[in-house]
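Trainee: I'd like a close look at a single part here, with the reasoning spelled out. Pick one strand and walk me through how it sits, then through whatever else helps to place it.

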Amino acid sequence: MNKKELKESQPVAWKVLSNALKTKRLSHGYLFAGPQGSPKSQMALLLVQSLFCEHTDEDGFACQECESCRRIEAEESLDFFWAHAGGVQKGRPLKKKEIDSFWKGETKEVTQKEKDSFRIRKDTILNLQDTFSKSASGQGWQAYILEEYDKATPEASNSLLKFLEEPKDGLLGILVVNELSNVLPTIQSRTQILTFRPPGTQALKEDLATVIEDEESLNMLASNGWDSQSVQELMEAGFFEIKEAAKNYWAHKNSYKAVLDLQRDVFNNKSDYYSKKNVQLFLQWLLFLAKSDTSNMEVNTQIRMIILHALDQISRPVDLALLLDQVYYQIHELTYSNYRP
């Protein structure tokens, strides 16, 4: 999403940040909140680029084309720290040794399961504090973005709270969250909250069409708020395998064999597909299929309620195997009595 699209889709956030940049009255901490798919991370990156760019536009935002902007986008600046949803700096988990390795220019591959199980923990914040304990190496600004902060541990939030209570000059932090209610009120009170609009389904479909062509998948993903950046990660983690598994299960949902196939081949502890993000994707496919299936509207409506409840639970720490077993059991109880000969 380019600057023009950000300005048009998020006019309130754009105006607030533009005024802050032009008057040089930036908050030391921002909390970008909005549903999945809203361009919170894109705006966060643009704001950080704007701190370092020497060719800002009339609204105070970065040009996104100069060497400084490209270095920030590539995460090559020592004054910028980006904890991604699923890891830090190119997707690596936030561990002390790996933070040290990053600054030394080393690399490390991680599995999708490791990425999906990522939560910001106390060590993350302590490492962040240590990283920015020194003066900025360049123009005086330092910045960090913490993605999915609504999933942070309580210990991490307590550590960050102390960090926010004594803000360092020239340091800007951005917390990116989907569920504002999962962020401690004390954290909220020490940051400036900007609420982002949910993207329209058509806009999401146009964005998703750059990475996926399947119309059915486009409709499902857009209806659940996925954007192209997130879908690229899904594609690497077995998107089409999860889709096939969901469609096969839906076609035979009254059969125990369909459940056993999933437990054995897809969602077992040793499977590459056994991750929170893939379980979420599987449930979203089931929800989409339940909405599309007009064969038994009454039963399918009840199934949709079961899946929506499961999707609500999966946003919190949960036993994935137990959650799936509950979904299988409840759906089987509904469908067996309706479909048995």
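Mentor: Let's fix one cut-off before anything else: a residue is buried when its relative accessible area is under 20%, and exposed when that figure is over 50%. Keep in mind, too, that this is a predicted model.

Now take strand β2, residues 80-84. Since 5 of the 5 residues there are buried, β2 is largely enclosed by the rest of the structure. Look at where the side chains go: Phe80, Trp82 and His84 point one way, Phe81 and Ala83 point the other, and every one of them is buried. That's the usual pattern, because side chains in a regular strand alternate between the two faces of the sheet. So with β2 you can turn to either side and still find buried residues.

Next, the partner. β2 and β4 run parallel, joined by 4 bridges. One pairing to click on is Phe80, whose bridge partner in β4 is Ala143. Strand β4 covers residues 142-146, and Gln142 belongs to it. Gln142 counts as buried because its relative accessibility is 3%. The side chain of Gln142 has a polar contact of 2.9 Å with the side chain of Lys168.

Back to Trp82 for a moment, as this residue links β2 to the wider packing. Start with the largest nonpolar core, though. That one has 46 residues, and Leu221, Tyr249, Phe267, Phe282 and Leu283 touch the most other members. Helices from α10 (201-208) to α17 (320-339) are among the elements giving it two or more residues, and α15 provides the largest share, 10 residues. Apart from that core lies another, of 32 residues, and here you meet Trp82, along with Tyr30, Phe52 and Phe61 among others.

For contrast, try two loop residues. Lys24 is in the loop between α2 (11-23) and β1 (29-33), and counts as exposed because its relative accessibility is 73%. Its phi is near 55°, a positive value in a residue other than glycine. Gln64 is in the loop between α3 (40-52) and α4 (67-73). Phi of Gln64 is positive as well, near 70°, and again the residue isn't glycine. At 31% relative accessible area, though, Gln64 is partly exposed. Set those beside β2, where 5 of the 5 residues are buried, and you've got a handy feel for both ends of the scale.

Notes. Residues are numbered from 1 along each chain as its sequence is written. This is a predicted model: local features need pLDDT of at least 70, side-chain atom pairs count only at pLDDT 80 or more; totals for chains, interfaces and linings use all residues. Side-chain values use heavy atoms; hydrogens and water are left out. Buried means under 20% relative accessible area, exposed over 50%, partly exposed in between (1.4 Å probe, protein chains only). A polar contact is a pair of N or O atoms within 3.5 Å; within protein, one must be able to donate a hydrogen and the other to accept it, and residues adjacent in sequence count only if both atoms are side-chain atoms. Two strands pair if DSSP finds at least two bridges between them. A nonpolar core is a set of buried Ala, Val, Leu, Ile, Met, Phe, Trp, Tyr and Cys residues joined through side-chain atoms within 4.5 Å.
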